[in-house]
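Trainee: I have a structure to go through and would like to know how the labels are justified. Can we take them in turn?

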Amino acid sequence: MAACSPGGFSAAGEQVYAPGVNQRATAQDGVEVGHRLMAAGQYELAIKSFNRAALVHGLDVEILSGLGSANLGLGRLGQAESLLRSAVKKDATQPEVWNNLGVVLMERGKTREAEQILRRAYAMDNGESDAIRDNLRLALAKSENPDSLGIDDDNYKLVRRGSGDYLISSTL
């Protein structure tokens, strides 16, 4: 209807423009943005953010772990396993990374290896993380009786370095 009015689409009066980009502002850290996107379930965007962060920080353990976890969220289990194994090779002292690798292995059906890795993560963490403990319980239950737990019933928890957990449901 605006085109039918006498004024048409021409600008009249004051115009409102979108704000420009503040070139002097400091950019948010790509790793932190990636973690926020992971928490929001935006795995593709998280991968992009972690990749941008890798250009600044290099492929450190946190970025490899974030990329692996985001790929797991998208159901790309092979890529997730490869990235998380690379993270563990860089720094084998991080229980969060071991936990996330154990979750990937559970998703891939490698129950025995996942159980061992989750035991390691639990021991390294001194039993302080509820998420790691819950994942270990699921792995133990599944290894004792693989038919008792259906794939649709498993809810694994990825652990972020620092604070916060990510819940990865196997019904991706």
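Mentor: Go ahead, and keep in mind that this is a predicted model.

Trainee: In which helix is the place of Val103?

Mentor: Val103 lies in helix 5, which covers residues 95–107.

Trainee: Why does Val103 count as buried?

Mentor: Buried means under 20% relative accessible area. Val103 has 1% relative accessibility, so the label buried applies.

Trainee: What separates the C-alpha atoms of Val103 and Ala114?

Mentor: Their separation in space is 7.0 Å, while along the chain Val103 and Ala114 are eleven residues apart.

Trainee: What does UniProt list for residues 95–128?

Mentor: The UniProt record, an unreviewed entry, gives "repeat: TPR" for that stretch. Such annotations may be inferred rather than shown by experiment. In the model, residues 95–128 are 79% helix and 0% strand, and the C-alpha atoms at the two ends are 11 Å apart.

Trainee: Where is Asn126 found?

Mentor: Asn126 sits in the loop that runs between helix 6 (111–124) and helix 7 (130–144). Its phi is near 60 degrees, which is a positive value in a residue other than glycine.

Trainee: Why is Asn126 called exposed?

Mentor: The cut-off for exposed is over 50% relative accessible area. Asn126 has 63%, and therefore it is exposed.

Trainee: Now Ser65. Is Ser65 buried or exposed, and why?

Mentor: The relative accessible area of Ser65 is 7%; this is under 20%, so Ser65 is buried. The residue belongs to helix 3, residues 61–73.

Trainee: Which residues does Ser65 touch?

Mentor: Leaving aside residues up to four places away in sequence, Ser65 touches Leu84, Ala87, Val97 and Asn100. Touching here means heavy atoms within 4.5 Å.

Trainee: How many helices and strands does the protein chain have?

Mentor: There are seven helices and two strands. Read from the N terminus on, their order is α-α-α-α-α-α-α-β-β.

Trainee: How much of the protein chain counts as buried?

Mentor: Of its 172 residues, 40% do. The surface that the protein chain exposes is about 10100 Å², and carbon and sulfur atoms supply 50% of this area.

Trainee: What share of the contacts with a separation of 6 or more comes from residues 24 or more positions apart?

Mentor: Those residues account for 46% of such contacts in the protein chain.

Note on methods
Residues numbered from 1 in each chain as written. Predicted model: local features only at pLDDT ≥ 70, side-chain atom pairs only at ≥ 80, totals over all residues. Heavy atoms only, no water. Helix = DSSP H or I, 4+ residues; strand = E, 2+ residues; numbered from the N terminus. Buried < 20%, exposed > 50% of the residue type's maximum accessible area, 1.4 Å probe, protein only. Areas by Shrake-Rupley, 256 points an atom, 1.4 Å probe, with all protein chains shown as cover.
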